[in-house]
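Please load the model in a viewer and keep the selection panel at hand. The tour below proceeds by selection, with a short account of what each one shows.

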Amino acid sequence: MVKLAVPILLATGSLASFAQGGDKANRLAPYVPTPQEIIERMLEVAQVKPLDTVVDIGSGDGRVLVTAVQKFRAKAVGIEIDPKLANQANETLARLGLQNKARVVRADAFSADIREADVVTLYLTTSFNEQLRPKFEKSLKPGTRVVSHDYGIRGWNPVEVEEVFAHGRRHKIFLYVIESKKN
Ligand SMILES: C[S@@+](CC[C@H](N)C(=O)[O-])C[C@H]1O[C@@H](n2cnc3c(N)ncnc32)[C@H](O)[C@@H]1O
């Protein structure tokens, strides 16, 4: 088994208490890391395969990307609005020698190009997910799996919802699959 060389940060709570109006323009969710075992389960639920491209929207410290490459042999792209987090994650990827397989783009989720995704991972908020839904419907190809930690996507029906107990609380994992466009 490949060992992850990135320290595991423990999530101490959910995003529920986040008050909007952070210091970064259009920062619609705070940085709260997903526990490592939940990341691994999200990628399993999404059935990430070697050479899939995983896009983590709001990629924080980059551990979703590291896990996608090291454990699932995928390629990975992070979209992160916070320049400090984006730089730190790119430094981590370089330190681990993963810079050819994963990168973080410093960008707002609403303007980022996510068309190459086979899998999209989210740990945002219900409202942020809802605002992103039209972009997903426009940009993502049929068959793309969208997997979200704790917060569903209003207006979409999940194909699977899993509950996992970790670090003193229940976490939810929602799986959606983009359908073919109906003409
Ligand atoms: C809850 S953290 C999730 C981090 C990581 N994906 C994980 O699951 O461990 C949400 C992240 O979204 C980023 N974020 C907030 N608003 C954003 C936006 N408009 N565009 C891109 N990233 C954003 C935050 O800076 C933060 O790092």
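Which pattern does the protein follow when read along the sequence? Colour the model, which is a predicted one, by secondary structure. The order of elements is α-β-α-β-α-β-β-α-β-β-β, made up of 4 helices and 7 strands. Of the 183 residues, 40% count as buried. Among contacts with a separation of 6 or more, 67% link residues that are 24 or more positions apart.

**The sheet**

Select the strands. They form an open sheet of 7 strands with mixed pairing, in the order β3-β2-β1-β4-β5-β7-β6. At the edges stand β3 (102-106) and β6 (160-166); each has a single partner strand, so one side of each lacks a neighbour in the sheet. On average, neighbouring strands are turned by 20 degrees against each other, direction ignored.

Next, restrict the view to β5 (residues 145-149) and β7 (residues 169-177). These two strands run antiparallel and are joined by 5 bridges. Within this pair, V146 stands opposite Y176 of β7.

**The edge strand β3**

Select R106, which belongs to strand β3. Is R106 buried or partly exposed? R106 is partly exposed, because 17 other C-beta atoms lie within 10 Å, whereas 20 or more would be needed for a buried residue. Leaving aside residues up to four places away in sequence, R106 touches E80, P83 and A86. For A86, the separation from R106 is 20 residues in sequence and 5.8 Å in space, C-alpha to C-alpha.

**Helix α2**

Now select residues 63-72, which form helix α2. This helix lies across β1 (53-57), β2, β3 and β4 (119-122), and runs at about 175 degrees to β2. Why is α2 described as largely enclosed by the rest of the structure? The reason is that 9 of its 10 residues are buried. Those buried residues are R63, V64, L65, V66, T67, A68, V69, Q70 and F72. To see their surroundings, add α1 (36-45), β1, β2, α3 (83-95), β3 and β4, the elements against which they pack.

Move on to R73, just after α2. R73 is placed in the loop between α2 and β2, and has a positive phi of about 55 degrees although it is not a glycine. Most residues other than glycine have a negative phi. R73 counts as partly exposed because it has 14 C-beta neighbours inside 10 Å.

A second backbone of this kind is found at L51, in the loop between α1 and β1. Phi of L51 is near 75 degrees, a positive value in a residue other than glycine. With 11 other C-beta atoms within 10 Å, L51 is exposed.

**The nonpolar core**

Which residues have the most contacts inside the largest nonpolar core? Select V48, V55, L65, A68, A76, V120 and L124; the core as a whole has 45 residues. Helix α2 supplies the largest share, 6 residues. In soluble globular proteins, nonpolar side chains tend to be buried together.

Centre the view on V120, one of the residues with the most contacts in this core. Not counting residues up to four places away in sequence, V120 touches V55, I57, I114, L140, T144 and V146. The last of these, V146, is the residue already seen opposite Y176.

**The ligand and its shell**

Select the ligand. How many residues surround the ligand? The shell holds 25 residues, and the closest are T34, G58, G60, A109 and Y123. Colour the shell by class: 13 residues are nonpolar, 6 polar and 6 charged. Helix α2 and strand β2 (75-80) each supply at least two residues of this shell.

**Helix α4**

Finally, select helix α4 (residues 126-139), in which P134 is found. P134 counts as exposed because it has 11 C-beta neighbours inside 10 Å, and the cut-off for an exposed residue is 12 or fewer. Draw a distance from P134 to F110, C-alpha to C-alpha: the two residues are 24 residues apart in sequence and 9.9 Å apart in space.

Notes. Residues are numbered from 1 along each chain as its sequence is written. This is a predicted model: local features need pLDDT of at least 70, side-chain atom pairs count only at pLDDT 80 or more; totals for chains, interfaces and linings use all residues. A nonpolar core is a set of buried Ala, Val, Leu, Ile, Met, Phe, Trp, Tyr and Cys residues joined through C-beta atoms within 7 Å. Two residues are in contact if their C-beta atoms, placed from the backbone, lie within 7 Å. A residue is near a molecule or strand if its C-beta atom, placed from the backbone, lies within 6 Å of it. Ala, Val, Leu, Ile, Met, Phe, Trp, Tyr, Cys and Pro count as nonpolar, Asp, Glu, Lys and Arg as charged, and the others, Gly among them, as polar. Two strands pair if DSSP finds at least two bridges between them. Axes are lines fitted to C-alpha atoms, for helices over the stretch in contact, and angles run from 0 to 180 degrees between N-to-C directions.
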